[in-house]
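The following paragraphs lead through a protein structure, from the packing of its helices to its charged pairs and its surface. Please keep the sequence and the coordinates at hand while reading.

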Amino acid sequence: MRKQQNFQWKELNLGTCYYPEHWDPALWREDLRRMKANGIFTIRIAEFAWNKIEPHEGEFTFEFFDQFLDVAEEEQMKVIWGTPTATPPVWLTEKYPEALNCRMDGVPYRHGMRRHYNYNSPKYQELSARIVEKIAEHYAKRPCIIGWQIDNELNCEVDEFYSESDTLAFREFLKEKYQTLNALNEAWGTIVWNQTYTAWEEIYVPRTTIHNSTNPHQTLDYFRFVSESCIRFCKMQCDIIRKYVKPGDFITTNGMFGNLDNHRMEDECLDVYTYDSYPNFAYCLDADPKNNKMLKDRKWSMNLTEVRSICPHFGIMEQQSGANGWNTRMEAPAPKPGQMILWAMQSIAHGADYVSFFRWRTACVGTEIYWHGILDYDNRDNRKLAEVRQIRDRVRAISDLAGSEYKAAFALVKDYDNVADARLDVWHGRLAKSSEQEIFVGAQESHTPYDIVYIHDGSAAEELQKYPVLIYPHPMLLSEKRAELLKAYVEQGGILIIGARSGLKDMDGHCVMAPMPGLLKNVSGSDVREFTFVGPADDAVSMEWNGKEVETGLFNDILSAEKPEAKVLAVYGGSYYAGSPALVETAAGKGKVLHFGGTFTRENIREFLAYTGVLEPWADQVAVPADCEIAVREKDGRRYLMVLNFAWEPRTVTLKQEAVDLDDGKILQGDVVLPAFGTKVYQL
């Protein structure tokens with residue numbers, strides 16, 4: 001069972017990221033006063049400022065930030081302190097090069113960027129623990145500090161680690177997991193290509209090979225090891241800070257990156273989770289302007305749904321306020337007028353109760369000189385600051401929204417083992433990426449909000465029962481416990497939908513010598529007789545379902561109904577397997593399983609949602625164009641409807657029942673015109 005969230009914001013509020021070390025101290029007080037005048041009362045500081053506290057090894061000075069925090073307290077500004085371990089100082093990496101991360105070929109990442117350290121260097125762990133201890137011991141008692149951010153964007157920039165320290169730690173990880181080399185060799189299938197290990201010292205993290213193809217079972221364990229290493233590093237810092245933190249202050253970290261079990265990190269280390277939301281990535285100049293498959297900036301709603309699965313009432317530590325870009329990459333245009341508000345409301349719609357803009361003022365030096373903040377280089381008031389004031393007024397009007405629950409019609413099921421396998425297995429990855437993106441697009445365009453639920457061997461069926469429908473697109477790796485969990489969910493009345501390649505592998509990534517869907521076969525009542533990609537030279541293959549021709553995506557399992565109670569709902573309408581079952585439904589207990597032989601598309605997902613009775617749950621309250629998003633949050637019997645117009649032109653929304661516009665308190669019904677990028681919050 002997931003633990004309860006330790007910290008929640010009691011009301012919606014705004015913040016920004018501020019770097020006092022970048023600016024003349026003569027600006028500090030003026031900056032804080034301007035922030036407050038525009039609705040910002042919280043700042044994040046110090047996450048890249050190790051050398052301001054330890055300029056030389058073992059020499060600590062607290063004068064600089066004491067001076068700044070004195071000003072913050074005089075101005076009644078709240079502060080979130082970031083531990084500075086994402087950017088070790090030059091003296092550290094020069095003296096202790098073993099702290100550096102390396103490429104797969106062993107070449108170290110040198111000083112001059114960020115996140116160039118490795119988690120498993122004993123020396124880096126020692127020095128990181130010391131700086132965190134010194135900072136927490138000295139600053140945690142300050143009244144202005146309300147929270148702590150661990151590091152910055154764990155596993156951002158690079159989420160693979162190939163230093164000597166990582167190899168040594170990987171061996172220990174494997175010894176604890178497998179105990180014997182025989183067990184490891186069996187799990188990794190090392191009999192193939194003569195990879196059998198005869199000593200632990202022969203084992204390394206994955207190394208450069210021909211085509212960089214590595215043993216998939218080793219790589220699966222390696223990805224698990226990276227997650228373990230990151231969580232251990234995070235917990236080390238959290239444990240130190242908890243010795244000094246004041247009652248009511250929280251510990252968090254920001255971002256959501258790969259090779260990391262973010263749910264476990266939240267459960268074991270943090271009080272609340274925060275995310276860095278940059279929808280303007282959709283408009284980077286190296287993106288294909290004709291590609292609308294992921295709905296451009298609206299795609300960040302998919303990311304925010306992931307964040308909500310980690311922490312239902314989360315914060316945004318970095319919210320887009322201007323154009324993104326470094327001097328080396330990521331060129332992008334400035335957000336259009338209204339998009340800054342739209343993106344902030346997108347975060348709030350999905351569960352954010354705190355939104356902090358990155359950054360207060362655009363940097364004048366360094367790599368991020370084009371990662372624009374609220375203010376530009378000239379420091380004058382501008383339209384972005386005016387939008388912050390508009391967001392301030394909106395947040396004041398809807399502040400009671402904090403702590404409300406996002407209402408979802410169904411859930412997409414995921415797990416970290418299949419996420420890792422999809423990263424290393426291109427067959428799996430192509431299916432998983434396509435289906436998950438298309439489910440998102442289909443749900444968005446049909447206004448059918450959904451949650452994402454991650455399961456593991458310790459998950460309980462009651463965690464799933466709140467959802468009448470679960471879609472588990474391609475669970476290639478299955479354990480007996482997870483299969484039993486899903487069986488219990490179905491038997492208690494749930495509808496489970498699975499797609500192609502389900503149950504192909506065991507938890508070591510071995511393809512099992514049993515018919516698919518493997519461990520789910522008894523509850524699905526189905527079997528897979530043959531399977532194939534739908535190749536680029538092939539015609540698209542549809543299935544005939546309820547008198548319609550419905551897409552079956554890019555991969556097809558040819559099914560059969562094995563149990564008497566199994567019903568064939570649809571058959572393939574083309575290729576050499578025309579007439580063979582494409583969709584099989586089997587009742588089990590109070591629920592049922594739909595085994596779909598294809599991958600999910602935005603078109604067929606609508607048919608699945610309609611068939612299971614969850615399509616467009618708010619259609620009786622509101623009619624919204626496809627290029628607008630709706631979200632509903634609920635609290636204490638009050639229901640809040642948020643409408644977000646992602647279109648570049650005005651759109652008409654029809655309120656079918658009376659609703660209160662929370663901006664001005666007016667009661668409305670009928671047609672309402674939202675301007676381009678316009679947003680509204682109604683109480684139903």
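What covers the buried residues of α13? The model under discussion is predicted, and in it the cover of these residues includes α8, α14 (426-445), β12 (469-472) and α15 (480-491). Helix α13 itself spans residues 416-424, and its buried residues are D417, N418, A420, D421 and A422. At the N-terminal end of α13, D415 acts as the cap, with a side-chain oxygen 3.0 Å from the backbone nitrogen of D417. D415 and D417 also belong to a network of salt bridges, in which they are linked with K177, D221, R224, D457 and R482.

Helix α1 (residues 25-37) offers a second case of packing. Its buried residues are W28, D31, L32, R34 and M35. Viewed down the axis of α1, these residues fall within an arc of 165 degrees, so they line one face of the helix. The general geometry accounts for such a pattern: an α-helix has 3.6 residues a turn, so residues three or four places apart point the same way. The buried residues of α1 pack against two strands, β1 (13-17) and β2 (40-45), and against two helices, α3 (63-74) and α12 (383-397). A26 and A37, on the other side of α1, are exposed.

Both ends of α1 can be described further. D24 caps the N-terminal end, where one of its side-chain oxygens lies 2.8 Å from the backbone nitrogen of A26. After the helix comes G39, which has a positive phi near 95 degrees.

The next topic is charge pairing. Side chains of opposite charge can pair when their charged atoms come close. Across the whole structure, a search finds 59 salt bridges. One of them joins the side chains of E57 and K95, with an N to O distance of 2.8 Å. E57 lies in the loop between α2 (50-53) and α3, whereas K95 is in helix α4 (residues 90-95), so the pair ties together parts that are 38 residues apart in sequence. E57 is partly exposed, at a relative accessible area of 29%.

A further salt bridge is formed by the side chains of D271 and R242, at 3.3 Å from N to O. This pair links distant parts of the chain: D271 is in the loop between α9 (262-269) and β6 (274-277), and R242 is in helix α8, 29 residues apart. How accessible are the two partners? D271 is buried, with a relative accessible area of 7%, while R242 is partly exposed, with a value of 36%.

K505 and D425 form another salt bridge, in which the closest N and O atoms are 2.5 Å apart. K505 lies in the loop between β13 (495-498) and α16 (521-524), and D425 in the loop between α13 and α14; the two residues are 80 residues apart. K505 counts as buried because its relative accessibility is 7%, and the cut-off for burial is under 20%. D425, at 16% relative accessible area, is buried as well.

The account ends at the surface. There, I191, V192 and W193 form a nonpolar patch, and together they have about 440 Å² of accessible area. I191 is located in the loop between α7 (181-188) and α8 (216-242). With a relative accessible area of 71%, I191 is exposed.

Note on methods:
Residues numbered from 1 in each chain as written. Predicted model: local features only at pLDDT ≥ 70, side-chain atom pairs only at ≥ 80, totals over all residues. Heavy atoms only, no water. Patch = residues over 30% accessible without salt bridge, like charges linked within 9 Å, V, L, I, M, F, W, Y side chains within 5 Å. Areas by Shrake-Rupley, 256 points an atom, 1.4 Å probe, with all protein chains shown as cover. Salt bridge = Lys/Arg side-chain N within 4 Å of Asp/Glu carboxyl O. Helix = DSSP H or I, 4+ residues; strand = E, 2+ residues; numbered from the N terminus. Buried < 20%, exposed > 50% of the residue type's maximum accessible area, 1.4 Å probe, protein only. Arc of directions from axis to C-beta. Contact = heavy atoms within 4.5 Å. Polar contact = N/O pair within 3.5 Å; in protein donor to acceptor, adjacent residues only side chain to side chain.
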